[in-house]
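Colleague: I have not looked at this one before. Can you take me through it?
Modeller: Yes, here it is.

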Amino acid sequence: MQFKFCKHSQINQQELEKIVDLKKKHWNYAPEEHLRWMALNLKEEDIHVLMFENEELVAYLNLINAEVIINDAVQSFIGIGNVCSSNKGKGHGSLLIKEVDQYLA
């Protein structure tokens, strides 16, 4: 497996189209809606995590920088969203999360 971590501001159109094709398997929206959602909801510094097998995108998620208020104090954290894989039951999700865990460590 090959992994690619890429800031939203640096991802190219071809990669975005591959992400949309994968996300469409799980969320039945038009490609334009997926792209619109990403444009409106992902910040430039948020991270796309792509997992490839033989140059085919087989799993994806994104990491977002977020803040919450806990006991009147602002706390920063990283959220995980849009976790999806091309084939359920193959262990792609587990591998993807393990790679993200190493990246964040």
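**Working through the chain**

Modeller: Start with H26, which sits in the loop between helix 1 (13-24) and helix 2 (31-41). Keep in mind that this is a predicted model.

Colleague: Is H26 buried, exposed or partly exposed?
Modeller: H26 is partly exposed, because its relative accessible area is 30%.

Colleague: Which residues does H26 touch, not counting those up to four places away in sequence?
Modeller: On that count H26 touches C84, S85 and K88.

Colleague: And how far is H26 from A59, between C-alpha atoms?
Modeller: The separation is 12 Å, with their positions 33 residues apart along the chain.

Colleague: Let me step back. How many helices and strands are there in the chain?
Modeller: The chain has 3 helices and 4 strands. Reading from the N terminus, their order is β-α-α-β-β-β-α.

Colleague: What is the radius of gyration, and what would a compact globule have?
Modeller: The chain has 14 Å, and a compact globule of 105 residues would have a value near 13 Å, so the two agree. The C-alpha trace spans about 45 × 30 × 25 Å along its principal axes.

Colleague: What share of the residues is buried?
Modeller: Buried residues are 34% of the 105 in the chain. As for the surface, the chain exposes about 6,900 Å², and 47% of that comes from carbon and sulfur atoms.

Colleague: How many positive and negative side chains are there?
Modeller: There are 11 positive and 15 negative ones, and the centres of the two sets are 6 Å apart.

Colleague: What about contacts between residues well separated in sequence?
Modeller: Take the contacts between residues at least 6 apart in sequence: 57% of them join residues at least 24 apart.

Colleague: Give me an example. Where is V58?
Modeller: V58 is in strand 3 (residues 56-70). It counts as buried because its relative accessibility is 3%, and the cut-off for buried is under 20%.

Colleague: What does V58 touch, leaving out residues up to four places away in sequence?
Modeller: Its contacts include M1, L22, M51, F52 and E53, and also C84, S85, S86 and H92. C84 is 26 residues from V58 along the chain, and their C-alpha atoms are 8.5 Å apart.

Colleague: S86 is in that list. Where does S86 lie?
Modeller: S86 lies in the loop between strand 4 (73-85) and helix 3 (92-104). At 13% relative accessibility, S86 counts as buried.

Colleague: Which residues is S86 in contact with, leaving aside neighbours within four places in sequence?
Modeller: L22, K25, L57, V58 and H92. In addition, the side chains of S86 and N87 are joined by a polar contact of 3.5 Å.

Colleague: Changing topic, what is phi of N54?
Modeller: N54 has a positive phi of about 50 degrees, although it is not a glycine. N54 is in the loop between strand 2 (47-53) and strand 3.

Colleague: Is N54 buried or exposed?
Modeller: N54 counts as exposed, because its relative accessibility is 70%.

Colleague: And what is phi of N82?
Modeller: Phi of N82 is positive, near 55 degrees, and N82 is not a glycine either. N82 is found in strand 4. With a relative accessible area of 17%, N82 is buried.

Note on methods:
Residues numbered from 1 in each chain as written. Predicted model: local features only at pLDDT ≥ 70, side-chain atom pairs only at ≥ 80, totals over all residues. Heavy atoms only, no water. Helix = DSSP H or I, 4+ residues; strand = E, 2+ residues; numbered from the N terminus. Rg over C-alpha atoms; globule rule 2.2 N^0.38 Å. Buried < 20%, exposed > 50% of the residue type's maximum accessible area, 1.4 Å probe, protein only. Contact = heavy atoms within 4.5 Å. Areas by Shrake-Rupley, 256 points an atom, 1.4 Å probe, with all protein chains shown as cover. Lys, Arg positive; Asp, Glu negative; His and termini not counted. Charge placed at Lys NZ, Arg CZ, Asp CG, Glu CD. Polar contact = N/O pair within 3.5 Å; in protein donor to acceptor, adjacent residues only side chain to side chain.
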